[in-house]
Amino acid sequence: MSSKITLTVTQGKLAGKQYSFDSRSTCIIGRNHDCNLQLANEVDMTISRYHCLLDINPPDIRVRDLGSLNGTFVNGKKIGQRKRNQTAQEGLKSNFPEYDLQDGDEIKLGDIYFKIGIESEELQPEVIDKPILEIESPNYATIINDLLGLANDGDQNLQIISCYKLVRSLGKGNIGEVFLAENNKLRKLVAIKLMSPAVANKEQGINQFLAEANNTKFLSHTNIVDLLDYGFALKTFFFVMEYCEGGNVWDLMQRSGWRLPLNVAVDIIIQVLDGLNYAHKLEIPDIKSADGKVSKGFVHRNLNPYNILITYSNDRIIAKIGDYGLAKAFDLAGLSGQTLTGNQNQISIPAFIPRQQILDFQNSLPEVDVWATAACLYNMLTGYFPRNFTGDPWSAVLQNDPVPILKRNQTIPKKLAAVIDSALVEKPKITFQTAEEFKQALINSMP
C-alpha cells in the first residue's frame, strides 16, 4: 500500500467533499480562481484569496498560513493571521511557522472544516549485514569510500563504479554531495553524485526514482550533462556523470562580482534554451501515455544557476544543464523527506520558479523551464532575483510580480530588457510557451 493523504470537508457548504493526494504536491487553499482548492466567493467571504499552503509529501503533510485576514486554525489553535490594519501585500512580510499535521487533525478556514486522513505505506523491514550510515546527517565522504570499497571487493551491484578512484569533493548540497573521480583505466575524470533519501526503505518511491533516472539516459545533447550510469546501494543513490571543469553559473557569478557581461550571460542562456528545446521535444520510447502514445519531452522543473554547469571548448564557455529530471523525480517520489517550505537559504528559496509551478506542482509544463531560464538571465545580469522576497517566500511567488529589470540594472539595452520582462510575465499565462520562442526573441533583441 502506498501512502495517501485525504482531506475531508466535515463542516460548511462543501461538507462531504474529499480531496486525495498520493504523491508529492502542493495545495493552495483560498478564494482565488487559480488556487488548487478553490473555495468560491459564495462559500465563505471570510476566506482569503490565498489563505494557506499545504505542503504534501505522503505520508507527511504540513500547513502554513499565507497572511490570511481571518487566520488558519489547527485543532482550534490559530497558526497565522495578518494584523487587521495590514493589507494582503503587507501581510506578505509576515512569515508564519509551518505545522506538521497528524492523522485525524482538523484545519479550519472561515466556516470550512477539513479533517486530515493519513494512510502510510507499509515499509518492509531491511535485512542488514553491516551497519548502515545514518540518513539524518549522512557523511557522504564515508559513504562513497564504502561504495568504492565494496565495488573493488566484487559486489556485483556496484560494478559500474569499480573502475573509479576518488579525487576530491566538488560540493555539498541539501540532499547530496558531488565528488570528482577518475577512471583507473581510461584516466578520464567524471563526477559522481550521491543522494541519500530520507526514507530509504520506501520501495515504491525508490523504484519510481530509478525508473525516472533511467529515462534521463535518453538525453544526449551538447548542452545537457551526460548521465553515464546510476545505481542504489547503502541507502544512497549514486550517479556517474560527465565532469564539467568550470563549475556552475552561480560560482561564475561569484567570481565576477555577481554580474556577468551581457554577451556572456546571453550566450549561456541561448545554449540552455537549446538544451531545453531538445529535451522538451524528445520522444521517450519506453514511456507511453494512457492512450498508448509515446510520451514526449522532459521538463526539468528545477533550473537555477547552481545546475547550469560550465565546460570550455577553444576558450568558449559551453553551458550544460545538470540534474535533468533527477531533482524533480527525487522530490515527486517522496524521498527527500524535506518540505518545500523548510529551506530558506538564498538559493533554495523559490527564486527561479513561476507561480504556475506552485499551483500545479505535479503537472509542470515546458513553459515553467522557459520562465526559469529568463529568471536565471535576470539574475546573471543584475545580481538580483526577479521578485522581491520579504516574509513568506511562497506568498511572494503567488503575489509579487517580478521587478522590471531596468530598475535593477539601467545599462541593459532597452530592447533586451523588454524581452526579459515579457518572458517573466506569468498572468494569465507565461508569455513564451517554448524555449525556441524565447531564444528567437533574445537573438532579435541583441544589439
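How many bridges join strand 12 to strand 13? Seven of them do, and the two strands, with strand 13 covering residues 176-183, run antiparallel. Helices (H or I, at least four residues) and strands (E, at least two) are DSSP runs, numbered from the N terminus. Two strands count as paired if DSSP finds at least two bridges between them.

Before going on, a word about the model: it is predicted, so local features need pLDDT of at least 70, side-chain atom pairs count only at pLDDT 80 or more, and totals for chains, interfaces and linings use all residues. Residues are numbered from 1 along each chain as its sequence is written, and side-chain values use heavy atoms, with hydrogens and water left out.

**The sheet**

Strands 12 and 13 belong to an open sheet of five strands, in the order 12-13-14-16-15, with antiparallel pairing. At the edges sit strand 12 (164-172) and strand 15 (227-233), each pairing on one side only. Neighbouring strands are turned by 25° against each other on average, direction ignored. Angles here run from 0 to 180 degrees between N-to-C directions, and axes are lines fitted to C-alpha atoms, for helices over the stretch in contact.

Two helices pack on this sheet; contact means heavy atoms within 4.5 Å.

| Helix | Strands touched | Direction angle |
|---|---|---|
| Helix 2 (residues 140-152) | strand 12, strand 13, strand 14 (189-195), strand 15, strand 16 (236-242) | about 40° with strand 13 |
| Helix 3 (residues 203-216) | strand 14, strand 15, strand 16 | about 170° with strand 15 |

Back at the first pair of strands, Leu166 stands opposite Ala181 in strand 13. Lys165 also forms a salt bridge with Glu182, with the closest N and O atoms 3.6 Å apart. Lys165 lies in strand 12 and Glu182 in strand 13, so the pair ties together parts that are 17 residues apart in sequence. A salt bridge here is a side-chain nitrogen of Lys or Arg within 4 Å of a carboxyl oxygen of Asp or Glu, and the count comes to 11.

**A pair of helices**

Now for helix 10 (residues 414-423) and helix 11 (residues 435-445): their axes come within 8 Å and cross at roughly 160°. The two are therefore roughly antiparallel to each other, a label for angles over 145 degrees (under 35 is roughly parallel, 65 to 115 roughly perpendicular, the rest oblique). Among the residues making the contact are Leu416 and Val419 of helix 10 and Phe438 and Leu442 of helix 11.

**A loop detail**

In the loop between helix 10 and helix 11 you'll find Pro428. The peptide bond from Lys427 to Pro428 is cis, with omega near 0°.
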